[in-house]
Amino acid sequence: MNNMIEVKNILLAGVGGQGTILVSKILSDGLAGAGYDVKMSEVHGMAQRGGSVTTQVRYGTEVHSPIIGKGQADILVSFETMETLRWLEFLSLTGKVVVNDYQIPSVPILIGKQDYPEGILDIVRQKVSTTVINANEIAEKLGNERAMNMVLLGALVKGMKLTDIDWEYAIKKNVKANSVDINIMALKAGMDATE
Amino acid sequence: MKKLLTGNEAIAQGAYEAGVAFAAAYPGTPSTEILENIALFKEIVAEWAPNEKVALESAIGASVVGARALSAMKHVGVNVAADPLFSVGYSGVNGGLVLVSADDPGTHSSQDEQDNRYYAKFAKVAMLEPSNSQECKDMVRTAMEISEKYNTLVLLRMTTRICHSKTLVEIGARTEVEKRPYVKDVGKYSLVPHVARKLHLVVEKKLKDLEEFSNETELNFVVWNSKKTGVVSSGIAYEYAKEVFGTQASYFKLGFTHPLPIDKIRAFAQQVDTLYVVEELEPYIEEQLKAAGIACMGKEKIPNTGELNPDIIAKALLNKERPLHEYDSSILVNRPPTLCAGCPHRGFFYELAKRKNLMITGDIGCYGLGGTEPLNAQDTCICMGASISMGHGAQQMFKKFGVNSRVVATIGDSTFFHMGINSLLDVVYNRSNVITCILDNRVTAMTGHQEHPGSGYTLQGMQTHEVDITSVVKAIGISNVRTVNPRNLKEVSDALDWALELDEPSVIITRWPCLLKKHSPADIEEFGSYVKKCIVDKEKCIGCKMCLKTGCPALRFSKEAKKVRIDVAQCAGCEVCMQACPVQAIGRVGE
């Protein structure tokens with residue numbers, strides 16, 4: 001059993017429409033291409049309409065369940081600040097967090113019933129090893145704010161020490177030809193912004 | 001070659017490889033992508049049907065004339081298709097016939113979490129349950145073979161996690177299957193009473209043969225590890241059980257789950273100390289084992305509510321829990337789904353929400369979100385098409401008991417074609433004054449933008465006749481019909497006034513395409529493609545928050561400044577907030 005690679009767990013959290021599914025597709029393709037057994041799980045339908053969404057990627061020598069349990073994720077990549085706290089309990093005690101410093105108010109906040117919570121980053125930082133990235137700003141500077149999801153993929157790849165995988169190939173497989181370059185640039189910028 | 005495929009994509013690949021010639025479905029999460037992916041194969045005639053009953057019936061027709069056919073739907077769709085399902089249970093098939101039922105434990109996007117495995121038992125048909133995408137693909141071919149050999153429809157039962165999880169699949173080639181000849185056989189396909197009586201006997205014999213097959217097939221297999229614990233499981237629950245027990249338990253893995261291989265399970269049970277049945281939702285397996293006198297534990301440990309996961313099994317059967325981070329999450333604010341910025345339904349619901357003394361019966365679709373905060377413009381949501389028929393029953397009783405209240409039924413275009421037409425017939429025929437609002441956004445939006453009989457295109461991209469809702473409504477016998485632009489609040493308001501004045505049934509059609517839909521040339525011609533975003537004049541904004549009552553996610557209110565601003569990235573220029581503003585503080589960018 002020495003050559004068995006223990007299953008690793010990646011949890012992506014965000015708001016419907018932020019592009020978490022595309023990131024998990026690229027991630028899964030890259031990992032499968034590198035020879036891992038991979039399982040990925042995503043949510044469709046009603047929840048996509050601006051609701052809180054997660055996608056989950058598990059990889060190793062042999063993966064059974066496609067979903068990640070509470071306290072099990074090795075890394076939580078949160079595309080929106082408040083979502084970090086919502087999904088933090090899924091992180092293992094030794095897991096780390098990549099968080100996009102970007103706020104999307106939900107309906108109770110929009111209609112003035114509640115305020116966007118303050119101090120989330122502080123709470124997260126106190127608990128776990130945290131990388132805070134302003135992915136939207138980085139992507140906007142590169143020319144397209146929507147590529148912020150690739151910035152976060154870059155940070156994730158660096159954080160999980162997966163930089164040896166051919167991510168450019170995985171990106172080419174999953175995005176339109178005219179947006180390959182910006183996506184690759186955003187990926188690299190994400191890697192550079194992460195220690 | 002191995003590829004990562006969702007269960008739905010794998011079913012499509014399996015249909016291709018198994019020589020399926022015809023496939024039909026009505027979209028419904030989590031099943032929708034099955035037909036979308038089958039449609040990519042030119043070798044298969046793939047169609048959206050107006051509803052699940054029609055989809056299954058068309059697949060039955062294809063099977064009866066000798067072709068391999070498949071129909072796919074969400075769990076509640078099978079309720080709609082139950083009538084033909086039970087009949088085909090008696091008649092059997094000619095070409096292989098598979099019905100894919102995609103159940104939704106956890107109600108990710110559904111109105112219930114019914115366990116459709118009971119349908120196989122109830123309708124007396126065979127059933128297979130895949131545990132991952134490879135099995136999804138392989139089981140389509142196996143199902144076709146079983147279907148043809150045993151003259152039965154095969155229910156292929158999936159769940160959300162199987163449908164929407166990607167796992168590795170070995171891709172194969174298509175086997176062209178020759179169409180069997182069609183032979184007229186009224187003693188098989190024409191279920192008049194004397195035929196049905198005979199067929200019932202045939203079905204019972206068939207089930208005996210299938211049980212024998214179930215005890216022999218390698219679809220049901222044993223994995224031996226420690227004999228202290230034995231686990232009987234199927235579908236995604238099997239993967240969860242393996243995740244939890246690893247090599248600490250022996251497994252009886254069920255792939256063919258109706259009829260169950262009782263003898264084979266009994267032999268397994270005799271060799272293990274403790275037997276658990278690990279299944280998601282209802283005790284479908286457990287009940288049958290207990291009825292057969294096989295001692296086992298299941299639902300007294302594992303709940304029959306909600307989606308199952310490995311943590312639930314670990315806690316219930318091993319009393320194991322992972323340590324968790326402790327932190328205060330009380331500052332979290334909910335994030336419920338909401339109508340998108342620019343959604344054409346927003347203007348309609350904003351106006352409807354202002355009306356008092358209405359019962360608003362809703363239906364299945366994105367517009368159910370018109371019932372959430374801050375619009376709150378929906379009282380009921382039961383099933384496809386029920387808005388109009390429930391509205392009719394309610395209105396009849398308001399009238400009988402002298403309650404001074406009106407009913408407004410809200411239904412989408414695709415849902416209207418699905419079942420709504422029948423319900424509207426009821427309103428006309430039995431003479432109530434229900435106000436039916438057909439929210440025509442030119443597409444089946446909620447499930448991810450599928451074509452329908454009113455959209456002008458078929459699933460495989462052919463241009464086709466576009467059913468005109470106004471003509472249908474008039475042909476049924478409604479003379480009071482108005483079409484409005486839902487982004488024009490005055491038009492909506494006037495139409496509601498007009499309908500409320502009438503003591504007759506009326507229909508208001510709101511016509512504007514879903515913002516996320518790929519606009520066809522006809523859409524662009526009718527609705528234009530030019531968008532001017534909105535902007536708030538800070539000087540004029542008085543911070544009254546009237547615009548926030550539209551619930552648009554592009555609006556931001558600053559407590560400090562007591563002003564609203566609009567997130568340019570999200571604004572779609574629908575101008576609903578602009579019309580809601582009492583002081584004309586919102587205008588178009590650059591004007």
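Student: In this predicted model, which residue of E18(B) is the bridge partner of B:Val481?

Tutor: B:Val507 is the partner of B:Val481.

Student: What makes E17(B) and E18(B) a pair?

Tutor: Two strands pair if at least two bridges are found between them. E17(B) and strand E18 (residues 506–511) of chain B have five bridges, in the parallel sense. The requirement is met, so the two strands count as paired.

Student: What sheet do they belong to, and in what order do its strands come?

Tutor: The sheet is open and has five strands of chain B, ordered E14-E15-E16-E18-E17, with parallel pairing.

Student: Why are E14(B) and E17(B) called edge strands?

Tutor: Strand E14 (358–361) and strand E17 (480–484) of chain B each pair on one side only. As for the twist, neighbouring strands are turned by 20° against each other on average, with direction ignored.

Student: Which helices pack on these strands?

Tutor: Helix H17 (residues 413–429) of chain B packs on the sheet, touching strand E15 (406–412) and strand E16 (435–440). The direction of H17(B) makes about 145° with that of E15(B). Helix H19 (residues 489–501) of chain B lies across E15, E16, E17 and E18.

Student: How would you describe the direction of H19(B) relative to E17(B)?

Tutor: The angle is about 170°. Angles over 145 degrees count as roughly antiparallel, so H19(B) runs roughly antiparallel to E17(B).

Student: Why is helix H15 (residues 345–354) of chain B called mostly covered?

Tutor: A residue is buried if 20 or more other C-beta atoms lie within 10 Å of its own. Eight of the ten residues of H15(B) are buried. Among them are B:Arg346, B:Phe348, B:Phe349 and B:Glu351. The elements covering the buried residues include E14, E15, E16, E18, H19 and helix H21 (576–580) of chain B.

Student: Is B:Gly528 buried or exposed, and what makes it count that way?

Tutor: B:Gly528 has 9 C-beta neighbours inside 10 Å. A count of 12 or fewer means exposed, so B:Gly528 is exposed. This residue sits in the loop between helix H20 (521–527) and strand E19 (534–536) of chain B.

Student: What is unusual about the phi of B:Thr107 and B:Asn151?

Tutor: Most residues other than glycine have a negative phi. B:Thr107 has a positive phi of about 40°, and B:Asn151 has a positive phi of about 60°. Neither residue is a glycine.

Student: Where are these two residues, and how is their exposure decided?

Tutor: B:Thr107 is in the loop between strand E5 (97–103) and helix H6 (117–123) of chain B. B:Asn151 lies in the loop between H7 and strand E7 (154–159) of chain B. With 14 C-beta neighbours inside 10 Å for B:Thr107 and 17 for B:Asn151, both counts fall between the exposed limit of 12 and the buried limit of 20, so both residues are partly exposed.

Student: Which peptide bonds are cis, and what is omega in each?

Tutor: One of them joins B:Thr29 and B:Pro30, with omega about 10°. Another joins B:His258 and B:Pro259, with omega about -5°. Most peptide bonds are trans. B:Pro30 is in the loop between strand E2 (22–25) and helix H2 (33–38) of chain B, and B:Pro259 is in the loop between strand E12 (256–258) and helix H12 (262–271) of chain B.

Student: What is the relative direction of H1(B) and H7(B), and how do you know?

Tutor: The axes of helix H1 (residues 7–17) and helix H7 (residues 133–150) of chain B cross at roughly 30° and come within 7 Å. Angles under 35 degrees count as roughly parallel, so H1(B) and H7(B) are roughly parallel. The crossing is right-handed. The contact includes B:Ala10 and B:Gly14 of H1(B) and B:Cys136 and B:Val140 of H7(B). By class, the contact residues are six nonpolar, four polar and four charged.

Student: How many residues does each chain give to the contact between chains A and B?

Tutor: Chain B gives 48 residues and chain A gives 48 residues. On the chain B side, strand E8 (165–170), helix H11 (235–245), helix H14 (310–318) and strand E20 (555–558) each supply at least two residues. That side has 24 nonpolar, 13 polar and eleven charged residues.

Student: What makes E2(A) and E8(B) count as paired?

Tutor: Strand E2 (residues 37–41) of chain A and E8(B) have two bridges, in the antiparallel sense. At least two are needed, so the strands pair across the two chains. A:Met40 stands opposite B:Lys166.

Key:
Residues numbered from 1 in each chain as written. Chains lettered and ligands numbered in written order. Predicted model: local features only at pLDDT ≥ 70, side-chain atom pairs only at ≥ 80, totals over all residues. Axes fitted to C-alpha atoms, helices over the stretch in contact; angles between N-to-C directions. Helix = DSSP H or I, 4+ residues; strand = E, 2+ residues; numbered from the N terminus. Parallel < 35°, antiparallel > 145°, perpendicular 65-115°, else oblique. Left-handed = near helix turned anticlockwise from the far one by under 90°. Contact = placed C-beta atoms within 7 Å. Nonpolar A, V, L, I, M, F, W, Y, C, P; charged D, E, K, R; others polar.
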